[in-house]
Amino acid sequence: MIFPAVWRIRGAGKLSITKRNIIVPANPELSKRMPMTQAPAVEPLISVIIVNWNGLGLLDECFTSLARQTWQKKEFILVDNASTDGSRELLISWAGRLPDAQTILLPTNTGFCKANNMAFARARGEWIALLNTDAVAEPGWLKELVRYGDTTKRVGMLASKILLQDPADVIDKAGHLIYWDGQNRGRGTMETDVGQYDKPEEILWPDACAALYHPTVFEETGGFDEMFFAFGDDADLGMRARLLGWSAWYVPSAVVHHRHSASFGVYSPLKVMLIERNRILLAVKNFPWPLLLQNPFWTLRRLCWNAYAVFQRRGSAARFLETNGWRQTMRNLLWSYSSAVKLLPEAFRKRQIIQRTRRLSNREMLGRLPRFQIDVRDLTLRD
């Protein structure tokens, strides 16, 4: 449970803002936030964005799944981040086979965030879908997601049910959960799928591995923060959108199969550094001051549990240590925090803008976070 001090925050009172003829209620009940689920009378155009970096062994399966989508009105924006394994040429080949497709071929690896932002600028769709190259979407994926989009109720972020490709009955993510220091993890990660997440419901934010966004979400937030490069970027975007009054919905009938961390590797030092660094940046930018000031305590608590998990040979920390050794583990922690410190001035500048333009008070935001909290034991002791 969060410190009692946090619950004593005095918010700015009720909030009711009208923008673009969309009314944002102060504390809407769940029934009032639930989106309409009927198919739209006129099929909106969906822009599907795929960012590739050295995904030669992944593209055929990914693009084949997109070609088989039952949603007819769509365009494709295929971005290559300076691949060197021959996948750039394969991506260009697929652009000639997919309907209404265009390519963005970058001279350097700009990272996930910038590549997607460049694609957003070209998107013409009324909705924008993101799919990782290591993911395979079932034929009704787009059709199911768009059914739950409802801008009149500010439901502008839609999450897929993401299963692992192998083993196929194991959940990768069914939405996201957050820990009090900014670290986050997929809801249901590594659980056997027995229907426990088969109910459409509100979540904190979607995983950008396979998600649908309304363009206004990107317009109002400015898109992904390119300071993140990769990892945690969807969490930061989701938090910023939440502060602006947007909500996210989980759609279990929109199913995607994911080859987890195929691009970076599960226990890549770079990946782990970015995850730890970026959760600090997320907290600095988005957390209310009382919660942000408690960040060192929550982080220390998590690291103590990580140490216990290593001793028990359980959890991702133990797997990282087994793969990379103690020296690299300590080096990674220093790398994460030194990199975060260098970026703190920019993060605080962005915080000023975010806090000045937010629509939710401290009390409203802190009232919602506990619904999506992950216990520190689940965060540290599970693989």
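A residue counts as buried under 20% relative accessible area, as exposed over 50%, and as partly exposed in between. In this predicted model, Cys304 has 48% relative accessibility and is therefore partly exposed. Cys62, by contrast, is counted as buried because its relative accessibility is 0%.

Cys62 brings us to helix H3, which spans residues 59-67 and where Leu59, Cys62, Phe63, Ser65 and Leu66 are buried. These residues lie on the same side of H3, because they cover an arc of only 155 degrees around the axis. Such a pattern is easy to follow in general terms: an α-helix has 3.6 residues a turn, so residues three or four places apart point the same way. The cover over the buried residues of H3 includes both strands and helices: strands E3 (46-52), E4 (74-81), E6 (127-131) and E7 (135-137), together with helices H4 (87-95) and H6 (141-147).

What about disulfides? A search of the whole structure finds 0 of them. Cys62 accordingly takes part in no disulfide, and the nearest cysteine sulfur, which belongs to Cys209, is 9.2 Å away.

A charged residue also deserves a look. Asp233 belongs to helix H8, residues 233-243. Although buried, Asp233 has no salt bridge, and Arg277, the nearest side chain of opposite charge, is 8.6 Å away. The side chain of Asp233 does find a polar partner in the backbone nitrogen of Phe231, at 2.7 Å. Leaving aside residues up to four places away in sequence, Asp233 touches Phe112, Cys113, Phe224 and Phe228.

Terms used: Residues are numbered from 1 along each chain as its sequence is written. This is a predicted model: local features need pLDDT of at least 70, side-chain atom pairs count only at pLDDT 80 or more; totals for chains, interfaces and linings use all residues. Side-chain values use heavy atoms; hydrogens and water are left out. Buried means under 20% relative accessible area, exposed over 50%, partly exposed in between (1.4 Å probe, protein chains only). Helices (H or I, at least four residues) and strands (E, at least two) are DSSP runs, numbered from the N terminus. The arc is that of the directions from the helix axis to the C-beta atoms. Contact means heavy atoms within 4.5 Å. A disulfide is a pair of cysteine sulfur atoms within 2.5 Å. Lys and Arg count as positive and Asp and Glu as negative; His and the chain ends are not counted. A salt bridge is a side-chain nitrogen of Lys or Arg within 4 Å of a carboxyl oxygen of Asp or Glu. A polar contact is a pair of N or O atoms within 3.5 Å; within protein, one must be able to donate a hydrogen and the other to accept it, and residues adjacent in sequence count only if both atoms are side-chain atoms.
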